[in-house]
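Here's a walk through a protein model, taken one step at a time. Have a look at the picture, and then we'll go through what's in it.

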Amino acid sequence: MRGNIRRHVEQELLDNYKKYYRIAYSYVKNEADALDIVQESAYKAIKGCGKLKEAALADTWIYRIVINTALDFLRKEQRNVEFLDNSEEQSVMEEGYGRADIMATLSTLPAKDSSVLILRYFESFKLEQIAEITGESLSTVKSRLYRAQEKLRLKIQ
């Protein structure tokens with residue numbers, strides 16, 4: 001049984017690598033750091049997959065690892081995240097979500113706000129899944145989502 005879960009976790013990591021990268025990137029705004037975060041998250045997921053009770057939960061569990069690893073990285077670095085220059089940001093957007101104008105605006109929001117928007121609208125997670133991934137209550141996720149939408153709406157106008 002545990003071997004099946006490990007194989008499932010490994011397959012999830014392979015199948016969704018770009019998604020995990022985009023989430024990490026939304027936090028750190030740096031390609032190399034995002035790659036390091038995904039690599040460290042993959043290590044943590046494979047090492048800790050014995051704690052996972054159901055293979056079906058692997059995807060949201062890995063997202064949570066990626067987000068927590070990104071937050072740990074930011075805390076450890078204790079630095080202000082600067083925006084990318086336009087050429088690097090454009091290459092990341094073409095690889096990921098497209099619509100550089102929306103992503104540039106998203107990058108001006110706090111990391112927790114932008115990650116909720118990305119998980120909901122770009123990765124198509126349900127609010128309950130986002131709550132599980134972020135470790136926040138459903139009402140907190142809803143509030144954060146609605147506040148982030150309003151902030152984004154004001155910035156776009």
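**Rings on the inside**

Let's start with one residue, Phe125: with a relative accessibility of 5%, Phe125 counts as buried, since anything under 20% gets that label. Keep in mind that this is a predicted model, so every value here is computed from predicted positions.

Who keeps Phe125 company? One partner is Tyr63, which is also buried, at 1% relative accessibility. The structure holds three aromatic pairs, and Tyr63 with Phe125 is one of them. Their ring centres are 4.7 Å apart, and the planes meet at 85°, so this pair is edge-to-face. The label follows because planes over 60 degrees apart count as edge-to-face.

Now trace where those two rings come from. Tyr63 belongs to helix H4, which covers residues 58–77. Phe125 sits in the loop between helix H7 (111–122) and helix H8 (127–134). The pair therefore ties together parts that are 62 residues apart in sequence. There's a further member to add to the picture: Tyr20 joins Tyr63 and Phe125 in one aromatic cluster.

For another of the pairs, head over to helix H2, residues 17–28. Tyr21 and Tyr25 both lie in this helix, four residues apart, which is about one turn. Are they buried or exposed? Tyr21 has a relative accessible area of 4%, so Tyr21 is buried, and Tyr25, at 6%, counts as buried too. The rings of Tyr21 and Tyr25 have centres 6.0 Å apart and planes at 35°, so this pair is tilted. That angle falls between the two cut-offs, because stacked needs under 30 degrees and edge-to-face needs over 60.

Rings can have charged company as well. The charged end of Arg120 sits over the ring of Tyr121, 5.8 Å from the ring's centre.

Time to step back and take in the whole protein. How many helices and strands are there? You'll find nine helices and zero strands, so to speak a run of α-α-α-α-α-α-α-α-α when read along the sequence. The protein has 157 residues, and 44% of them count as buried. Among contacts with a separation of 6 or more, 67% are between residues 24 or more positions apart. As for the outside, the protein exposes about 8,900 Å², with carbon and sulfur atoms supplying 49% of that area.

Methods. Residues are numbered from 1 along each chain as its sequence is written. This is a predicted model: local features need pLDDT of at least 70, side-chain atom pairs count only at pLDDT 80 or more; totals for chains, interfaces and linings use all residues. Side-chain values use heavy atoms; hydrogens and water are left out. Rings of Phe, Tyr and Trp (its six-membered ring) pair if their centres lie within 6.5 Å; planes under 30 degrees apart count as stacked, over 60 as edge-to-face and the rest as tilted. Helices (H or I, at least four residues) and strands (E, at least two) are DSSP runs, numbered from the N terminus. Buried means under 20% relative accessible area, exposed over 50%, partly exposed in between (1.4 Å probe, protein chains only). A charge sits over a ring if NZ of Lys or CZ of Arg is within 6 Å of the ring centre and within 35 degrees of the ring normal. Contact means heavy atoms within 4.5 Å. Accessible areas come from the Shrake-Rupley method with a 1.4 Å probe; for residues, only the protein chains shown count as cover.
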